[in-house]
Amino acid sequence: MKSGKGEGKGVGLGNIARKNARPVGQRGLRRESKAARQARAREIVARLKRKYPNAKCSLHYENPFQLLVATILSAQCTDERVNLVTPKLFERFPEPDDLAGAKPEEVEEIVKSTGFFRNKTKSLLGMSNALVERHKGVVPDTMTDLVKLPGVGRKTANVLLGNAFGKTEGIVVDTHVARLSGRLGLTPQTDAVKIEQDLIPLIERPDWTILAHLFIDHGRAVCKAPKPLCEVCILNDICPSSRI
Ligand code: SF4
């Protein structure tokens, strides 16, 4: 996908762009009004939507249970690696019932390559047992119930709600979302829950789920962790961290 400097840029943000062409930091953030930051955040989303029109969850799944399993496995692991592991896991343990009664060693062997495999296996078995015991084997569709499942935190619950149930209750903050939110001057926070709370008033609710996919795509392709490619970034005129 081409990512030329002028690609997909919107109009009407000239002042915002110039005002924010400075290094990121709390000092720079304080100078920007809430309304200006909100307008800039929405322009960022609009441009990224044009650049990544097919942005979506890159984990492979066919139902909420499979997405829950895949998301637990994706901690500290790439989605590509998880997608290599889950077909065998889902074939061997298709339902919560099956995984709840699994031998830990067998699950550990299958998920080993995703890292932290003992803890992940413990979470998968605990989560499946809880589904069977408390929810008749059905993945619940509320934040309150989801975060009570073993191995499920707010991030995983947001992934489930947004992608499996089409509910926008929050914003998924993973490593890419955290990095881009900071570089783009949308938050000075480093804690995921605090970042989410800063993003929520800036982003229109219908965009809460897609935002994570857009930031993940842009983080992988352009705003990379070790060295962002600011020279080809479509946000470089409205990003306070741009090196251009
Ligand atoms: S690549 Fe550079 S300009 Fe683009 S979002 Fe990242 S830091 Fe900002």
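These legends accompany close-up views of one predicted chain.

Numbering starts at 1 in each chain and follows the sequence as written. The model is predicted: local features need pLDDT of at least 70, side-chain atom pairs count only at pLDDT 80 or more, and totals for chains, interfaces and linings use all residues.

**View 1. The whole chain has 13 helices and zero strands.** Helices (H or I, at least four residues) and strands (E, at least two) are DSSP runs, numbered from the N terminus. Read along the sequence, the pattern is α-α-α-α-α-α-α-α-α-α-α-α-α. Of the 244 residues, 38% count as buried. A residue is buried if 20 or more other C-beta atoms lie within 10 Å of its own, exposed if 12 or fewer, and partly exposed in between, with C-beta atoms placed from the backbone. Two residues are in contact if their C-beta atoms, placed from the backbone, lie within 7 Å. Among contacts between residues at least 6 apart in sequence, 63% join residues at least 24 apart.

**View 2. Helix 11 (residues 175-183) crosses helix 13 (residues 208-221) at roughly 80°.** Their axes come within 8 Å. Axes are lines fitted to C-alpha atoms, for helices over the stretch in contact, and angles run from 0 to 180 degrees between N-to-C directions. The crossing angle makes helix 11 roughly perpendicular to helix 13. Angles under 35 degrees count as roughly parallel, over 145 as roughly antiparallel, 65 to 115 as roughly perpendicular and the rest as oblique. Helix 11 contributes H176, V177, R179 and L180 to the contact. Helix 13 contributes A212, F215, I216, H218, G219 and R220. By class, the contact has five nonpolar, three polar and two charged residues. Ala, Val, Leu, Ile, Met, Phe, Trp, Tyr, Cys and Pro count as nonpolar, Asp, Glu, Lys and Arg as charged, and the others, Gly among them, as polar.

**View 3. V172 sits in the loop between helix 10 (154-164) and helix 11.** V172 counts as buried because it has 27 C-beta neighbours inside 10 Å. Leaving aside neighbours within four places in sequence, V172 is in contact with K155, N158, V159, G162, V177 and A212. V172 and A212 are 40 residues apart in sequence, yet their C-alpha atoms are 5.9 Å apart in space.

**View 4. Helix 10 is mostly covered, with nine of its 11 residues buried.** The buried residues are K155, T156, A157, N158, V159, L160, L161, G162 and N163. They pack against helix 4 (64-73), helix 9 (143-146), helix 12 (192-199) and helix 13. Just after helix 10, G166 takes a positive phi of about 65°.

**View 5. Q76 and K136 are loop residues with positive phi.** Q76 lies in the loop between helix 4 and helix 5 (79-92). Its phi is near 55°, a positive value in a residue other than glycine. Q76 counts as exposed because it has 11 C-beta neighbours inside 10 Å. K136 lies in the loop between helix 8 (117-135) and helix 9. K136 is not a glycine either, and its positive phi is about 55°. With 8 C-beta neighbours inside 10 Å, K136 counts as exposed.

**View 6. The ligand has 13 residues around it.** C223, P228, C230, C233 and C239 come nearest. A residue is near a molecule if its C-beta atom, placed from the backbone, lies within 6 Å of it. The shell divides into nine nonpolar, three polar and one charged residue.
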